Structure formats: structure tokens, C-alpha cells
Amino acid sequence: MIGILGAGAFGTALAVALAREGTPVTLWGRDPEAMAQLATTRLSPHLPGVDLPCGIAVTPDLAQAAQHRTLLLAVPMQSLSDLLGALDAPLDGARLVACCKGIDLATGTGPSKVITRAKPQALPAVLTGPSFAADIARGLPTALTLACGDAQAGHDLQHQLSTRSLRLYRTTDVTGAELGGALKNVIAIACGACIGAGLGDSARAALMTRGFAEMTRLAAHFGARPETLAGLSGLGDLALTCTSDLSRNYRFGQALGQGQAFDPRVTVEGAATARAVTRLAARDGLSMPISAVVAALAAGEATVSEALDELLSRPLKEE
Ligand SMILES: NC(=O)C1=CN([C@@H]2O[C@H](COP(=O)(O)OP(=O)(O)OC[C@H]3O[C@@H](n4cnc5c(N)ncnc54)[C@H](OP(=O)(O)O)[C@@H]3O)[C@@H](O)[C@H]2O)C=CC1
Ligand SMILES: O=C(CO)COP(=O)(O)O
């Protein structure tokens, strides 16, 4: 049995994929009314047209959902710490799999360190990589990365969470996997802004490539392996998110590029992560120019044309 904490798009999609293949799931959401409605209709507003299989038990009771030994944490990055704080049990030995992508603004760390800080007796892992919730819920083929510092536990989780259409690759490089997933959202905002402002596909290819260089630079600084960044959790997710209208980060960037408003209720992980990255880069003396302009753009502190000037006026250098 698996507990999924967070009944938004991703948590619900993972619940559907697992339950469809016979794994019983307890899906927890914080809004009792929404959970009661989900239990009755078996339809989630996050996944139109997808029926919840009967193997999913829906609950607003956090303690009940958290009884399982494997818990998928599917809330936005900036809410992860609050969610863990709301869990009274120490969760000794439980496998806590972060499904969020980002860097925690309060601590400047990724989800695995947030988990360890809150629940030192639990085992942290990360599930990340290129996948839209809608695709997973429809049973379309997807490949993700399961990262866990404990190789045996990672192997077990890989088998527990893989389905016929959801194929998990494993790694012990947790830092690389979580930084790839966090940073690709920042670059996706830049690419969305580029396309939204009519700067063209060539400029987007340049942003993706130089963005990938930034991702690799920051990740290497924190001890990640380059091959992890070149895998599903880095390059794979960068390619998906920088080129698809299904991405919220990309659409947020497009709205910035077009000078249009964007619904503040939509989860856009890259905005806070760009700020967190900019702080880390300033602290550690790293060059992260695209992240810096995305942080300024997202905060309304720069226009797209100012951001472009900033990037294009940098000194010419070796690739
Ligand atoms: N959607 C996707 O395609 C994918 C998403 N992800 C990642 O998954 C994570 C979650 O995204 P996603 O599910 O799409 O986001 P959604 O906006 O669809 O859902 C977020 C859910 O988290 C809940 N939530 C927010 N804050 C808290 C909190 N403090 N305590 C408890 N619950 C909370 C929300 O509850 P409420 O409704 O009550 O506000 C909502 O149900 C993100 O990090 C994202 O990057 C990863 C891969 C794919
Ligand atoms: O992480 C995702 C795809 O892998 C989802 O991207 P968005 O959060 O930008 O929608």
C-alpha cells in the first residue's frame, strides 16, 4: 500500500497510474469538502475525463494516510516543509518520496534535505523527470528517475512504483536528480518568455543550451554527477518543459513575454526556485545569468526587453 499526500494534478495522476495496476493507494488532500466530493464523484478537477480507479481510498485525514511505509509527497516545493510539520508521527524508517520540483526558499535546499531536516529517521527519495500529470493519468508511456541515496531502498521503490506505462530508472545521485528537476522550470520560464515575446526558436534553443550549462554548473557545485543532469531528470525534463504549452512554467513565461496577467493560483515552481538559485549563486560566487533574469522577470523587477539586454550585453567568452 502507498500513501500519496497531496491531491493536486500530480498526486492524483500517480494514484491513478498505481491503482490502475492493482496497487492500493490512500490519497490525501487537505480540503475535506474537496475530498468528500472526490470520493463521491471519483472525478478530479485536476484531471478532466479521468475516472479514479476503485483502488484509491480518498481521505482528508493526514494521520490515516501517513500510516503507510511508502509515502509520495506531491505538494508544491514551498509547501513541503509545512506538510511535513503537520505530520505528528516521526515516520521512523518510512520511505518519503518527494514528487515536487524546486528549491525551498527558506533553507536554500532541495526536497530531500527538507525531508531529512523534518523527519531525520525517515528515508528520503525523489521521483522526478519528464511527465505531465495528464499523460500519466491517461496511461501514456512515461519514463522518470527515482533517486535514493540508499541503493537497496531505491531498487525496492523503483519496483514498487513502476507500472507498464510508467517506467522508472534509478540513481543514487539525489542531488543531481532534484537539482535537474528544480532548475529546468526556471529555464522553461525563460523559454516561454522568449517565445511569448516573439524572439524566435533560435533564441529558445540558445536559452535551452546555455540554461543546461547553468543547471550542470550549479549541480556540479553541489556534488551532482554530470550524467544525472544529462538524463531524464535534467535534459529530459528540460526538453519537455521548454517546448510544451502543457507546462505551467512555460505558459507563465509566455504570459510574461506577452505582457499578460497569469492566474496566481496556478502552481509555477520556477519563480520561487529562480529566487532561491540567485541567492545561492550570490553566496557561492556562481555565474547563473539566465536564472538571475528569470528571478527579476518573475518578481516584476525587469521587463523582457531589459532581461534580453542583460543577457546579450554579457562579455563574449568561450563556450
Ligand atoms: N502537474 C504535473 O504535470 C507535474 C507536477 N510535478 C510537481 O508536483 C508538485 C505538485 O504539483 P501539482 O500536483 O501539479 O500542483 P497542483 O497545483 O495541481 O496541486 C498542488 C496540491 O498541493 C496542495 N497543497 C498546497 N499547499 C499545501 C500544503 N501546505 N499542505 C497540503 N497540501 C498543500 C494543494 O491543495 P489545495 O488544492 O487545497 O490548494 C493541491 O492539491 C510540483 O512540485 C510540481 O512541479 C511533477 C511532475 C509533473
Ligand atoms: O514537471 C513537469 C513536467 O515534467 C510539469 O511542468 P509544469 O510544472 O511546468 O507544468
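This report walks through two ligand sites, one annotated region and two residues with an unusual backbone angle.

The model is predicted, and local features need pLDDT of at least 70, side-chain atom pairs count only at pLDDT 80 or more, and totals for chains, interfaces and linings use all residues. Residues are numbered from 1 along each chain as its sequence is written, while chains are lettered from A and ligands numbered from 1 in the order in which they are written.

Let's start with ligand 1. It has 26 residues around it, and Gly8, Ala9, Phe10, Ser79 and Cys100 are the closest. Here, a residue is near a molecule if its C-beta atom, placed from the backbone, lies within 6 Å of it. Two elements, α1 (9-20) and α4, give two or more residues to this shell, and α4 gives the most, with four residues. Helices (H or I, at least four residues) and strands (E, at least two) are DSSP runs, numbered from the N terminus.

Now for ligand 2, which has 13 residues around it; Pro130, Asp237, Ser247, Arg248 and Asn249 come nearest. At least two shell residues come from each of α8 (174-196), α11 (232-241) and α12 (248-258), with α11 supplying the largest share, three residues. Domain 1 (2-172) and domain 2 (182-312) each contribute at least three residues to the shell around ligand 2; these bounds come from an automatic or database domain assignment.

The table splits each shell by class. Ala, Val, Leu, Ile, Met, Phe, Trp, Tyr, Cys and Pro count as nonpolar, Asp, Glu, Lys and Arg as charged, and the others, Gly among them, as polar.

| Shell | Nonpolar | Polar | Charged |
|---|---|---|---|
| Ligand 1 | twelve residues | nine residues | five residues |
| Ligand 2 | four residues | five residues | four residues |

What about the annotated part? An unreviewed UniProt entry labels residues 173-308 "domain: Glycerol-3-phosphate dehydrogenase NAD-dependent C-terminal". Such annotations may be inferred rather than shown by experiment. The span 173-308 is 74% helix and 0% strand, and its end C-alpha atoms lie 34 Å apart.

Finally, the backbone angles. Most residues other than glycine have a negative phi. Arg42, though not a glycine, has a positive phi of about 60°, and it sits in the loop between α2 (32-41) and β3 (56-59). Leu91 also isn't a glycine, and its phi is positive, near 60°; Leu91 is in the loop between α4 (77-86) and β5 (95-98).

Are these two buried or exposed? A residue is buried if 20 or more other C-beta atoms lie within 10 Å of its own, exposed if 12 or fewer, and partly exposed in between, with C-beta atoms placed from the backbone. Arg42 is partly exposed because it has 14 other C-beta atoms within 10 Å. Leu91 has 21 C-beta neighbours inside 10 Å, so Leu91 counts as buried.
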